[in-house]
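Biologist: Please take one residue of this protein and examine its surroundings closely. I should then like to see how that view sits within the chain as a whole.

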Amino acid sequence: MAGRVQRLLTAQREFVADASHQLRTPLTALRLRMGEAHAAGVSDQASAELDVGAAEIDRLAAIVDELLVLSRAEDRQAAVERVDLRDAARRAGERWLIAARTEGIDLIVVDEGGGTVVCSGADLDRALDVLVENAVRYAPAGSEVTIISAAARIEVRDRGSGLEPGEEQVVFERFHRGRAGRQGPAGSGLGLATAQALARGWDGDARLCNRDGGGAVATLEFQAVSS
């Protein structure tokens, strides 16, 4: 029975991965055709509709990418590395600096004794990108988003709307959108689930809670190693 269940789970992951791969090509082709239609010259109303359609295609493409990551998260084949959390936080700050400035947000990186953990550096970067992107997306203009490296964890703190009571766990469910997600721009609904799956693939975890004074604190935690 255990073997049969494992085979079914494996088949399910392979199906999601295969379907995600197959969807990429037609989505890319559709995006290009809409761009060509826009460039050919259309009315202002048609142009606006094409822009909306292109945005929906981009959102669907993001969902496909997240599904592909989720399908592989529990079957890790990435190389194990010793990752310095201070470097990971610094890299994330560099990747998201321009996006934060565009939204009128100060992005700050702080070292509170960040140590070394065992995981895939690429997985940690992707999971951290999810947390930083959410913080930048939902924080109000003029506020700060802070990336903090500490012992065996990285925190991303913002001054957004935070969580409703009881949302701490359900926001990690696939396609669930919390209060911030419902009030802000549309997303895939898979980002936090992906971040948590990637962290748990390396015996870590991802958590989200409200921040004192307003906002949220998102945390990635991994297994620490001695230096």
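**A close look at Glu221**

Modeller: Leaving aside residues up to four places away in sequence, Glu221 touches five residues: Ala152, Arg153, Gly204, Asp205 and Arg207. The structure before you is a predicted model, and each value that follows was computed from it. One of the neighbours just named, Arg207, deserves particular attention. The side chain of Glu221 makes a polar contact with the side chain of Arg207, at 2.7 Å.

The next matter is where Glu221 lies in the chain. Glu221 belongs to strand 7, which covers residues 216–221. Glu221 has a relative accessibility of 31%, so it counts as partly exposed: the class lies between buried, which is under 20%, and exposed, which is over 50%. A further distance links Glu221 to another part of the sequence. Leu124 is 97 residues away from Glu221 in sequence, yet their C-alpha atoms are 9.8 Å apart in space.

The mention of Leu124 leads to helix 4, which spans residues 121–138. Helix 4 packs with helix 7 (residues 191–200) at an angle of about 150°, and the two axes are 9 Å apart. Angles over 145 degrees count as roughly antiparallel, and therefore helix 4 is described as roughly antiparallel to helix 7. The crossing of these two helices is left-handed. On the side of helix 4, the residues that meet helix 7 are Asp123, Arg126, Ala127, Val130, Leu131 and Asn134. Their partners in helix 7 are Gly191, Leu192, Ala195 and Leu198.

Arg33 provides a second residue to set beside Glu221. Arg33 is located in helix 1, residues 2–40. With a relative accessible area of 62%, Arg33 is exposed, whereas Glu221 is partly exposed. Arg33 and Ala54 are separated by 21 residues in sequence and by 9.9 Å in space, again from C-alpha to C-alpha.

Finally, consider the whole protein. Seven helices and eight strands are present. The protein has 227 residues, of which 40% count as buried. Its exposed area is about 12,400 Å², and carbon and sulfur atoms supply 51% of that area. Among contacts with a separation of 6 or more, 69% join residues that are 24 or more positions apart.

Key. Residues numbered from 1 in each chain as written. Predicted model: local features only at pLDDT ≥ 70, side-chain atom pairs only at ≥ 80, totals over all residues. Heavy atoms only, no water. Helix = DSSP H or I, 4+ residues; strand = E, 2+ residues; numbered from the N terminus. Buried < 20%, exposed > 50% of the residue type's maximum accessible area, 1.4 Å probe, protein only. Contact = heavy atoms within 4.5 Å. Polar contact = N/O pair within 3.5 Å; in protein donor to acceptor, adjacent residues only side chain to side chain. Areas by Shrake-Rupley, 256 points an atom, 1.4 Å probe, with all protein chains shown as cover. Axes fitted to C-alpha atoms, helices over the stretch in contact; angles between N-to-C directions. Parallel < 35°, antiparallel > 145°, perpendicular 65-115°, else oblique. Left-handed = near helix turned anticlockwise from the far one by under 90°.
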